[in-house]
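Visitor: Please take me through the charged side-chain pairs of this model, one by one. I would also like to see what surrounds them, with every cut-off spelled out.

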Amino acid sequence: MPRTGATTAILAAVLFGLSTPLAKLLVHDLSPWMLAGLLYLGSGIGLGLVRLLTGSRQRGERGLRGAEWLWLMAAVAAGGVAGPVLLMFGLTATPASTASLLLNLEGVFTALLAWFVFREGVDRRLVAGMAAIVAGAVVLSWGGPVSLAGGWGNGGWGPAAVAAACLMWAVDNNLTRKVSLADPADIATIKGLVAGTVNVGIALALGDALPAAPTAAAAMLVGLLGYGVSLVLFVVALRHIGAARTGAYFSTAPFVGGIASLAIFGEPVTLGLAAAAVLMGVGVWLHLTEDHDHEHDHDEMEHDHPHVHDAHHRHHHDGPQDGPVTEPHSHRHRHGRLRHRHAHFPDAHHAHRH
């Protein structure tokens with residue numbers, strides 16, 4: 001499961017990173033807000049159409065239930081509504097170079113919230129890996145002198161708004177982790193539709209017009225892969241390794257975009273790109289080689305999620321499937337108290353404090 005989480009998080013970063021240079025091909029025909037809206041709508045509508053055409057969920061997955069709807073709506077409100085609006089206001093009073101650097105705060109805030117608010121396990125190796133990945137992202141986004149002074153009465157509110165947007169996306173990431181046991185495709189569809197509607201609404205309010213059909217279709221196709229499928233993989237990673245580690249792996253997306261730009265736009269290999277490769281490589285290595293192994297307690301709990309019968313799932317089924325089940329399936333089940341030792345990550349069964 002830890003390897004599954006790391007793999008899906010990195011794949012999510014690759015898809016999202018590739019979407020950036022592809023979106024640059026469209027940005028001349030669309031405003032940033034209209035482009036963002038179409039990318040998100042492409043993910044939501046595309047994933048929704050896939051569900052309608054297939055008519056079924058992936059094996060073992062289940063829909064959102066009970067309080068999970070409240071967590072998801074809170075996540076959507078933070079990341080799909082408040083985040084874009086705060087970023088819009090912040091960009092109007094923040095130099096581009098400063099904004100690029102500040103956007104790296106999303107990964108930092110995600111980790112800090114995961115560690116200190118949601119009590120995910122943390123150690124020095126994990127912190128060092130996160131610091132190396134963020135340092136690589138900072139190197140990539142460095143665009144010259146940084147100014148924290150800005151508009152709105154020269155009080156620095158522009159950079160503060162950009163930082164607040166990053167905080168909202170970090171809240172979104174951590175709240176989404178709380179619903180990650182539900183079908184990731186459902187989560188990504190809902191978030192894409194809401195965020196897309198918000199961004200398109202902002203674009204129209206600012207005087208933009210809807211683009212021609214071919215341009216809109218191209219943007220939505222990029223969004224389906226770079227935002228929709230990427231988010232599905234991101235949620236799967238949240239399920240297995242928690243928000244801090246998933247956010248760290250996902251922070252490598254700008255490097256993937258930089259590499260893709262070399263081929264698409266013929267951009268030169270820069271010292272910054274090489275330095276970022278080293279820093280991010282070190283950070284990812286530190287995370288991949290993490291060995292979080294100690295004796296821990298599992299309290300009694302009851303929940304519903306996709307699982308197979310393993311050391312943490314020793315219940316039996318009544319009827320023709322009596323006995324251990326090795327195929328992924330989902331139903332409500334109870335865990336008894338258990339104390340044991342093995343390598344683990346902050347998934348649904350390992351939310352204990354350290």
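**Charged pairs and their surroundings**

Guide: Arg177 is buried, with a relative accessible area of 15%, where buried stands for under 20% relative accessible area, exposed for over 50%, and partly exposed for the range in between, using a 1.4 Å probe and protein chains only. The model is a predicted one, in which local features need pLDDT of at least 70 and side-chain atom pairs count only at pLDDT 80 or more, while totals for chains, interfaces and linings use all residues. Residues are numbered from 1 along each chain as its sequence is written, and side-chain values rest on heavy atoms, with hydrogens and water left out.

Glu120 is buried too, at a relative accessible area of 4%, and its side chain meets that of Arg177 in a salt bridge of 3.4 Å, N to O; the term requires a side-chain nitrogen of Lys or Arg within 4 Å of a carboxyl oxygen of Asp or Glu. This pair links distant parts of the chain, since Arg177 belongs to helix H7 and Glu120 to the loop between helix H5 (105–116) and helix H6 (124–141), 57 residues apart. Helices (H or I, at least four residues) and strands (E, at least two) are taken as DSSP runs and numbered from the N terminus.

The structure holds five salt bridges. In another of them, Asp183 pairs with Arg51, and the closest N and O atoms are 2.7 Å apart. Asp183 sits in the loop between helix H7 (157–177) and helix H8 (184–205), whereas Arg51 sits in helix H2, so this bridge ties together parts that are 132 residues apart in sequence. The two partners differ in their surroundings: Asp183 is buried at a relative accessible area of 3%, while Arg51 is partly exposed at 22%. A further bridge joins Glu68 to Arg62, again with a distance of 2.7 Å between the closest N and O atoms, and both Glu68 and Arg62 are buried.

Helix H2, the home of Arg51, also contributes to the surface. Ile45, Leu49, Leu52, Leu53 and Leu193 make a nonpolar surface patch of about 520 Å², and H2 supplies the largest share of it, four residues. Patches consist of residues with over 30% relative accessible area and no salt bridge, with like charges joined within 9 Å and nonpolar side chains (Val, Leu, Ile, Met, Phe, Trp, Tyr) within 5 Å; the areas come from the Shrake-Rupley method with a 1.4 Å probe, and for residues only the protein chains shown count as cover. Leu49, itself placed in helix H2, counts as partly exposed at 46% relative accessibility.

Thr189, in helix H8, counts as buried at 15% relative accessibility. Not counting residues up to four places away in sequence, Thr189 touches Gly44, Leu47 and Gly48, a contact being heavy atoms within 4.5 Å.

Turning to the interior, the largest nonpolar core has 36 residues, and those with the most contacts inside it are Leu64, Leu72, Trp115, Met130, Ile187, Phe234 and Tyr249. At least two residues of this core come from each of H1, helix H3 (68–91), H5, H6, H8 and helix H9 (213–250), with H9 giving the most, 14 residues. Such a core is a set of buried Ala, Val, Leu, Ile, Met, Phe, Trp, Tyr and Cys residues joined through side-chain atoms within 4.5 Å. Leaving aside neighbours within four places in sequence, Leu64 is in contact with Trp69, Leu72, Val179, Ala182, Ile187 and Ile190. Apart from this largest core lies another, of 23 residues, among them Leu30, Leu35, Ala219 and Val222.

Asp29 lies in the loop between helix H1 (2–24) and helix H2 (32–54) and is exposed, with a relative accessible area of 55%. Although Asp29 and Thr215 are 186 residues apart in sequence, their C-alpha atoms are 7.8 Å apart in space.

As for the chain as a whole, it contains eleven helices and four strands, and 51% of its 354 residues count as buried. Of the contacts between residues at least 6 apart in sequence, 84% join residues at least 24 apart. The chain exposes about 16,600 Å², of which carbon and sulfur atoms supply 66%.
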